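Biologist: I'm new to this one and I'd like to learn how to read it. Could you walk me through a few features?

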Amino acid sequence: MTTVSTPHPAPQIKIAATYMRGGTSKGVFFKLQDLPVAAQQPGPIRDALLLRVLGSPDPYGKQIDGMGNASSSTSKAVILTRSTRPDHDVDYLFGQVSIDQPFVDWSGNCGNLSAAVGPCAIHMGLIDAARIPANGTATLRIWQANIGKTIVAHVPITDGQVQETGDFELDGVTFAAAQVALEFIDPAAEGDGNDGSAGAMFPTGHLVDELDVPGVGRISATLINAGIPTIFLNAQDLGYTGREPQAAINEDAHALARLEAIRAQGALHMGLIQHVSEAANRQHTPKIAFVAPPASYTTSSGKEVNARDVDLLVRALSMGQLHHAMMGTAAVAIGVAAAIPGTLVHRAAGGAVDAGAEHGGSAPRQSVRFGHPSGTLRVGAEAALVDGQWQVTKALMSRSARILMEGWVRVPGDVLEG
């Protein structure tokens, strides 16, 4: 009798990793050189590895068998390496891992996790010791590889170590921590539009466009590339007030479908896709948000926000769901759009509708405080009108970051077989 042996499943492999919170997001951070050799290059093996680490794709939408926490804010991966670019300390690559679909979106940055990059790079030994003061602030230049931009992080240091605890409070995060100030240098995105148009801050050349969306109708939008490609709408045009909690949108399938249709049409106008059908595989960008003038409301934690304490209200979607707070890159887009007279964001913050037509008008505002579902956030931007075109040199905001766990993640070895 012949015995047929059954091959054993591949054993698990372990990979050094750091699990971190940055702003209102969480992600698994890797040093490039710690990844298996087959995953040190972009491609399907790297994507398969990160999907398995996070527990995706999961048709149950829970990511039970991985490190993800079943939301766009927590299904994220970061790869860091020493920078080979002049005047930069670390290269930062971000992957937005889909929860229920087998893809990783590399098309944009995560502004929240940007706050964790500097602290994590120091923790991983990627920063020369000479760059880190015994006490004070380590100013690190980060190359954001997804969008080809520079981020400057000001990381607090105590006794030669990253200071993670502190009294800086961030709405959407339960506990206080140390403040990490971020500067997004020249944040107007160098987009990847097929016709090159996505490289402009306003890819259509207009501060406000009229989108004709099948099944929705005609709707006004500000399409901007700053921090991340973003589509801004008026809440009133959608029948909203801008005070909506997450459940009001996320439990309304019709609302989500309508917003996705608008997002796809906006992506087409921005030159990010060639056909609206492509938007389904490009969930991370562009973002879509709706804005409204100041109004009082109750946050998700039960805190009252008074209308006089904010300049406008913003609700934004990430990966097809209303975000519980605000994506960091979308906050950059809000700050930049609020600085430029004539955009829908500037108008919602009290700016005149005819604030100088397309490329002019009143002086830009330097900062804005907006209300989101979890509270408020202030973001600044330095904008100027140069030769009839708006230019933004930097956007500024503060976040916090903290290591939650460090060690190794484990995944079945067959994930590397392709």
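Biologist: Let's start with a helix. Is α2 largely enclosed by the rest of the structure or not, and how many of its residues are buried?

Modeller: One thing before that: this is a predicted model. Now, α2 has 13 residues and 12 of them are buried, so the rest of the structure largely encloses it. The buried ones include Gly111, Leu113, Val117 and Ile122.

Biologist: How should I think about which way residues on a helix point?

Modeller: The general idea is that an α-helix has 3.6 residues a turn, so residues three or four places apart point the same way. In this case, the buried residues of α2 include a consecutive stretch, with Ser114, Ala115 and Ala116 among them.

Biologist: Where does α2 bend, and by how much?

Modeller: The bend is at Val117 and comes to about 30 degrees. A proline, Pro119, follows within four residues of that point. After the helix comes Gly125, which has a positive phi, near 80 degrees.

Biologist: I spotted cysteines around there. How many disulfides does the structure hold?

Modeller: In general, a disulfide is a covalent bond between the sulfur atoms of two cysteines. Here the count is 0.

Biologist: Why is there no bond from Cys110 to Cys120?

Modeller: Because the sulfur of Cys120, the closest cysteine sulfur to that of Cys110, is 13 Å away, which is too far. The cut-off for calling a disulfide is 2.5 Å between the sulfur atoms.

Biologist: And are those two cysteines buried or exposed?

Modeller: Cys110 counts as buried, with 5% relative accessibility. Cys120 is at 0%, so it counts as buried too.

Biologist: Let's try strands. Which strands pair with β12, and in what sense?

Modeller: On one side of the list is β11, residues 217–226, which pairs with β12 in the antiparallel sense over 5 bridges. Then there is β13, residues 287–292, which pairs with β12 in the parallel sense, also over 5 bridges. Phe232 is a handy landmark in β12: Thr222 stands opposite it, and so does Ala289 in β13.

Biologist: How many residues sit between β11 and β12?

Modeller: Just 1 residue, and the two strands form a hairpin. Gly227 in the turn has a positive phi of about 80 degrees. As for β12 itself, residues 228–234, it is mostly covered, with 6 of its 7 residues buried.

Biologist: How do I find pockets, and what is the volume of the largest one?

Modeller: Rolling a probe the size of a water molecule over the atoms shows where empty space is left. The largest pocket has a volume of about 710 Å³. It is lined by 34 residues, and those closest to its centre are Ala70, Ser71, Ser72, Ile99 and Gln321. By class, the lining has 9 nonpolar, 21 polar and 4 charged residues. Elements that each supply at least two of them include β2, β4 and α3.

Biologist: What about the second largest pocket: which residues are closest to its centre?

Modeller: That pocket holds about 230 Å³ of space. Of its 18 lining residues, Val53, Met67, Trp408, Val409 and Arg410 are the closest to the centre. β1, α1 and β20 each give two or more residues to the lining, and β20 gives the most, with 8. The classes come out as 10 nonpolar, 4 polar and 4 charged.

Technical notes:
Residues numbered from 1 in each chain as written. Predicted model: local features only at pLDDT ≥ 70, side-chain atom pairs only at ≥ 80, totals over all residues. Heavy atoms only, no water. Buried < 20%, exposed > 50% of the residue type's maximum accessible area, 1.4 Å probe, protein only. Pairing = 2+ DSSP bridges. 1 Å grid on protein atoms, 1.4 Å probe; cavity = no way out; pocket = protein on both sides within 12 Å on 5 of 7 lines; lining within 4 Å. Points joined across faces, edges and corners; volume = space filled by probe spheres on them. Nonpolar A, V, L, I, M, F, W, Y, C, P; charged D, E, K, R; others polar. Bend = angle between axes of the 7 residues up to and from the residue.
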